[in-house]
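Here are my notes after going through the model, written as numbered points. Have the structure open while you read.

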Amino acid sequence: MKELFLDVETTGAWLDGSPFSQTTKSGAYYHWDDLTEIAVCDADGNEVYRSFVCPKYRYFTCLSDWYPSEKPISSKNTDWTKAISGKSSVRVVEELRPILQGARVIVHNLSFDEKVLRDSYAVRAGINHVSIHDLFPSTDFVCSKKRATRVMPKAESHYPSCGERCNGSRLTHLHHELGFGDYDEHDPLADVQALAKVWSVLKTKS
């Protein structure tokens, strides 16, 4: 079975509300953590698929209000000028379906990424719910973060780019811990290329 690696970038729940909330603080409907960018690579780190995705609720119109000064747009965020003219999440799923067919797809935080894919697709398609298996019926999804938690020793020290909430299973931490160094976080292609390296070691551990 071929192995592929997938990562998504999103609008971010921190903008105005709690993760996966569907309303703003004022009570208006909004689907948080909408998809903005996605990438897939193979086990050798070669790009297989990459696309910008336009969020259903065009949060870019409120960009100045929703990106506070303490978290400005930077190289660590999806390029909104490209995302706003990106594909719909429905089209992206349709393009991904034949690519992921019959593959084992490794995702580092699977519960989050699959929810983003499911929810973004459902909103665009005008349906209430869809499962990841409905979207990709012949794809075997694997969470590398769960495996890392099980097979790697508990972290005793962290790296400058790990972040305050790193518990030792973040992709950045593992990339350092396994000897691969820094990479360009929050670029989905860089993320999946980093994950492919990390997974090549993780899958040998038991």
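Which residues in α3 and α4 meet each other? Point 2 has the reply; a word on the whole chain comes before that.

1. Bear in mind that this is a predicted model. The secondary structure comes to eight helices and five strands, and along the sequence they run β-β-β-α-α-α-β-α-α-β-α-α-α. The protein has 206 residues, 48% of which count as buried. If you take the contacts with a separation of 6 or more, 64% of them are between residues 24 or more positions apart.

2. Now the helix pair. On the α3 side you'll find Ser89, Val90, Val93 and Arg97, and they meet Ser120, Tyr121, Arg124 and Ala125 of α4. Sorted by class, the contact of α3 with α4 has four nonpolar, two polar and two charged residues. As for geometry, the axes of α3 (residues 89-100) and α4 (residues 110-125) come within 8 Å and cross at roughly 120 degrees. Perpendicular would stop at 115 degrees, so α3 counts as oblique to α4.

3. Leucine 135 is worth a look next. This residue sits in helix α5 and is buried, with a relative accessible area of just 1%. Beyond its neighbours within four places in sequence, leucine 135 is in contact with Val93, Arg97, Leu117, Arg118, Tyr121 and Val130. Val93 and Arg97 are among the α3 residues from the previous point, and Tyr121 is one of the α4 residues there. Leucine 135 and tyrosine 121 are 14 residues apart in sequence, with 8.8 Å from C-alpha to C-alpha.

4. Staying with α4, check leucine 110, which is in that helix. Leucine 110 has a relative accessible area of 12%, so it is buried. Its contacts, not counting residues up to four places away in sequence, are Phe141, Val142 and Cys143. Leucine 6 is 104 residues away from leucine 110 along the chain, yet their C-alpha atoms are separated by 9.4 Å.

5. Threonine 139 is in the loop between α5 (132-135) and β5 (140-143). Is this loop residue buried or exposed? Buried, as its relative accessible area is 7%. A polar atom of the threonine 139 side chain lies 2.9 Å from the backbone oxygen of leucine 100. Apart from residues up to four places away in sequence, threonine 139 touches Leu100, Gln101, Ala103 and Val105.

6. Another threonine, number 10, lies in strand β1 (residues 3-10). Its relative accessibility is 18%; the cut-off for buried is under 20%, so threonine 10 counts as buried. With residues up to four places away set aside, threonine 10 touches Asp33, Asp34, Thr36, Phe112 and Val116.

7. Helix α6 (residues 144-151) is a good one to view end-on. Its buried residues are Ser144, Arg147, Ala148 and Val151. Down the axis of α6 they fall within an arc of 100 degrees, so they line one face of the helix. The spacing behind this is familiar: an α-helix has 3.6 residues a turn, so residues three or four places apart point the same way. Turned away from the buried side of α6 is the face with the exposed residues Lys146, Thr149 and Arg150. And what covers the buried residues? The cover includes β4 (104-107), β5, α7 (171-177) and α8 (188-202).

8. The segment after α8 holds lysine 205. This lysine counts as partly exposed, at 30% relative accessibility. Lysine 205 touches Arg147, Val151, Met152 and Leu178, residues up to four places away not counted; Arg147 and Val151 are among the buried residues of α6. The C-alpha atoms of lysine 205 and valine 151 are separated by 6.1 Å, with the two positions 54 residues apart along the chain.

9. Last, alanine 155, in the loop between α6 and α7. Alanine 155 is partly exposed, with a relative accessible area of 21%. Which residues is alanine 155 in contact with, leaving aside its neighbours within four places in sequence? They are Asn167, Gly168 and His173. Cysteine 166 is eleven residues from alanine 155 in sequence and 9.1 Å from it in space, C-alpha to C-alpha.

How values were computed
Residues numbered from 1 in each chain as written. Predicted model: local features only at pLDDT ≥ 70, side-chain atom pairs only at ≥ 80, totals over all residues. Heavy atoms only, no water. Helix = DSSP H or I, 4+ residues; strand = E, 2+ residues; numbered from the N terminus. Buried < 20%, exposed > 50% of the residue type's maximum accessible area, 1.4 Å probe, protein only. Polar contact = N/O pair within 3.5 Å; in protein donor to acceptor, adjacent residues only side chain to side chain. Contact = heavy atoms within 4.5 Å. Arc of directions from axis to C-beta. Axes fitted to C-alpha atoms, helices over the stretch in contact; angles between N-to-C directions. Parallel < 35°, antiparallel > 145°, perpendicular 65-115°, else oblique. Nonpolar A, V, L, I, M, F, W, Y, C, P; charged D, E, K, R; others polar.
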